[in-house]
Amino acid sequence: MQMREGRLVLSPTDVTKHVACPHVTTLDLAVAQGHLDKPVEGVDAQLQLIFDKGLEHEAAYLSSLYAVGKNVVEIPERGLTYAEREARTVEAMRGGAEVIFQAALFDGAWVGFADFLMRVQRAGTFGDWSYDIADTKLARRLKVPALLQMATYAVRLTQLQGVTPRKLMIIAGDGAEHPWRLVDVESYAARVRGALGDAIANQPSTTPVPVQYCEQCRWLPRCSRLWEETDDVCRVAGMRSDQRTRLREVGISTLSALARAGAQDTRVIEALSPTTRVRLCTQAALQLSESQTGEPTYELLPVAAGQGMALLPEPDPGDVYLDFEGDPFAPGGQGLEYLAGVCDRDETFFTWWAHDAPAEAVMVTQLLHWLLQRWRQHPGMHIYHYANYEQAALKRLTGREAVAESELDMLLRGERFVDLYAVVRQAVQISKDSYSIKKMEAFYWGGTRSAGEGKVDNALSSVVEYEKWAATDRADRTILDRIAVYNNDDVRSTLALHNWLEQRRQEVVKQGLMVPRPGEETITEAADSEIIQAENKLAETLVEAGQLLLAGCVGWHRREDKQVWWEYFRTASMSDEELIDDRITLGGVGEPTQIGEIKRSHVWRYPFPVQEARIGKTVDDARVHM
């Protein structure tokens with residue numbers, strides 16, 4: 001969004017930003033109109049890495065087009081006005097270029113730069129050819145903003161070539177091409193462009209709301225200061241934007257007001273469901289207490305069967321603590337788990353490194369063999385981690401590489417993995433605005449870690465440092481040493497958290513409450529281990545015969561079925577709150593009521609709280625035929 005010769009010029013990025021957060025539109029418009037200064041932007045190494053990797057991905061795809069002999073015309077980015085760049089683009093289109101790189105599309109009110117225009121045999125203004133649109137995106141999964149951008153490019157491209165493009169092609173970070181039909185996108189894109197236009201014309205009052213886009217927004221420091229200064233209720237840990245909206249509608253707009261109101265306040269009862277109002281009011285009260293006293297505090301939650309403290313097994317000398325470091329931008333587009341770090345109860349640190357995909361398969365195999373062997377040596381041992389990333393990474397790698405599947409299955413079925421994040425969320429509330437392990441450290445390490453010059457202090461800085469190491473031709477070993485120190489801190493912190501939770505468990509026991517331990521499982525060979533061995537032998541035979549594609553299909557259905565069961569067991573111990581927050585599941589499902597009949601079947605309605613779910617849209621009730 002910018003002023004050009006007294007006229008506001010918009011871009012497809014303005015559309016995607018408006019969809020993500022209308023307040024960004026308000027701020028960007030104020031800058032364009034001269035009412036507000038641009039935010040002071042420092043050099044964020046993490047965002048710069050993402051930007052640089054995006055350019056690398058784009059350049060790699062461009063090189064691949066040259067490599068196959070495509071006639072590519074590149075439109076210069078410097079030294080030309082928008083109108084001149086579009087004129088160069090039209091000239092290339094008229095000349096029938098097979099590919100146009102950085103095509104400029106400018107009608108005076110909108111400007112966009114398509115990564116690639118791809119010639120297709122469909123008659124248009126310039127002859128028996130016209131162009132479709134392709135863009136490179138680092139993400140391996142399709143994201144709506146990419147389609148909105150290309151659908152906006154398509155408006156001007158249609159005017160120039162006299163025919164509507166049919167295909168929008170996204171080249172994902174793994175090199176896969178994802179085609180979409182414009183007809184499936186253009187109506188929604190037109191609607192959101194209209195919403196942006198209305199916002200600019202009417203300039204409604206907006207307020208900042210925490211959303212996913214905040215992580216990459218240049219206005220975040222400003223909004224964060226405002227939330228802090230106004231004591232916005234969004235500061236309550238775990239507060240969703242829809243809950244914030246409902247609280248503000250009933251007159252509760254600050255954290256302090258929510259803390260003082262309490263769960264029995266009629267306004268809170270009106271705004272929040274029974275499953276959330278006690279938790280959020282208690283959370284607000286704890287955070288308010290720390291802000292007033294400076295002392296971190298916690299409150300134990302009621303004991304529930306199979307949840308919280310009841311998820312903690314008996315501590316064992318063989319217990320280990322696991323943490324992965326991963327690079328989502330590694331070559332190949334599938335990411336890379338470059339370090340698995342483990343410490344035992346004596347804080348002895350073990351590492352497994354992998355710097356490419358083949359080494360990653362070796363790393364996960366060696367790690368799982370080591371864990372299984374340790375279980376044999378210590379039948380009571382468990383593998384502790386914080387949040388689900390480590391389990392998800394192991395499942396992804398064993399499935400993708402078809403290695404150590406039996407070992408992982410035995411560990412999973414033996415219930416060796418313990419997610420301490422699930423224990424924390426179900427057993428205790430803390431006076432922090434986040435439940436990250438760094439915030440938890442205030443309770444057992446006396447405060448969060450200090451960064452220190454050159455020190456790796458979070459997961460993204462670990463990625464940045466790892467990329468620096470790769471960029472130095474892998475010569476500077478000190479970078480890897482710093483990453484290992486950070487990883488060691490994380491696993492030691494997980495150990496310290498486990499000890500702290502055991503102390504909290506003793507608090508509960510001293511109150512006279514029973515907190516049963518999970519049942520112990522013995523090592524049993526995976527039921528399908530012989531099948532896997534036979535499949536591996538068959539796959540090796542097919543590889544030797546040159547049938548690589550067929551070899552990759554061996555065992556596919558078994559591995560797909562396994563994913564379903566892994567997901568089933570992942571969600572089995574979740575609380576209602578966690579099920580509501582998890583977009584794959586529906587949480588808080590109430591008792592059904594029969595609302596009709598269809599032939600010999602009954603129609604039941606199951607109520608549940610409003611929540612985001614992957615069934616396609618926000619849902620507030622459902623019908624099930626039984």
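Which helix gives the largest share of the lining of the second largest pocket? That is H19, with five residues. Before I go on, note that this is a predicted model.

I will stay with that pocket for a moment. The second largest pocket holds about 260 Å³ of space. Its lining is made of 15 residues, and those nearest the centre are Ala 402, Asn 536, Ala 539, Ala 551 and Gly 552. Besides H19, which spans 529–544, at least two lining residues each come from helix H13 (389–401), helix H20 (548–553) and helix H21 (556–572). By character, the lining of this pocket splits into six nonpolar, three polar and six charged residues.

Now the enclosed space. Three cavities of 30 Å³ or more were counted. The largest cavity has a volume of about 70 Å³. It is lined by 13 residues, and those closest to its centre are Cys 21, Val 24, Cys 214, Cys 217 and Cys 223. Two elements, helix H2 (22–32) and H7, give two or more residues to this lining. H7 supplies the largest share, three residues. What is the make-up of the lining of the largest cavity in nonpolar, polar and charged residues? The answer is 13 nonpolar, no polar and no charged.

With several cysteines around that cavity centre, disulfides are the next topic. The count is zero. Take Cys 214, whose closest cysteine sulfur is that of Cys 21. The two sulfurs are 6.2 Å apart, which is too far for a bond, given that a disulfide needs the sulfur atoms within 2.5 Å. Cys 214 is buried, at a relative accessible area of 15%. Cys 281 is another case: the closest cysteine sulfur, in Cys 234, is 16 Å away, again too far for a bond. Cys 281 is buried as well, with a relative accessible area of 5%.

On to charges. Side chains of opposite charge can pair when their charged atoms come close. In this model the count is 27 salt bridges.

One residue to look at is Asp 232. Asp 232 pairs with Arg 244, and the closest N and O atoms are 2.9 Å apart. Asp 232 sits in the loop between helix H7 (220–230) and helix H8 (241–249), while Arg 244 is in helix H8, so the salt bridge ties together parts that are twelve residues apart in sequence. Both Asp 232 and Arg 244 are buried.

Asp 232 also forms a salt bridge with Arg 248, where the closest N and O atoms are 3.7 Å apart. This pair links distant parts of the chain, from the loop between H7 and H8 to helix H8, 16 residues apart. Is each partner buried or partly exposed? Asp 232 is buried, with a relative accessible area of 5%, whereas Arg 248 is partly exposed, at 34%.

The last pair is Lys 438 with Asp 490, the closest N and O atoms being 3.5 Å apart. Here the link runs from helix H16 (residues 437–440), which holds Lys 438, to helix H18 (residues 477–510), which holds Asp 490, and the two residues are 52 apart in the chain. Lys 438 is partly exposed, with a relative accessible area of 22%. Asp 490 is buried, with a relative accessible area of 7%. Finally, there is one network in which salt bridges with shared partners join Lys 17, Asp 28 and Arg 218.

Notes:
Residues numbered from 1 in each chain as written. Predicted model: local features only at pLDDT ≥ 70, side-chain atom pairs only at ≥ 80, totals over all residues. Heavy atoms only, no water. 1 Å grid on protein atoms, 1.4 Å probe; cavity = no way out; pocket = protein on both sides within 12 Å on 5 of 7 lines; lining within 4 Å. Points joined across faces, edges and corners; volume = space filled by probe spheres on them. Helix = DSSP H or I, 4+ residues; strand = E, 2+ residues; numbered from the N terminus. Nonpolar A, V, L, I, M, F, W, Y, C, P; charged D, E, K, R; others polar. Salt bridge = Lys/Arg side-chain N within 4 Å of Asp/Glu carboxyl O. Buried < 20%, exposed > 50% of the residue type's maximum accessible area, 1.4 Å probe, protein only.
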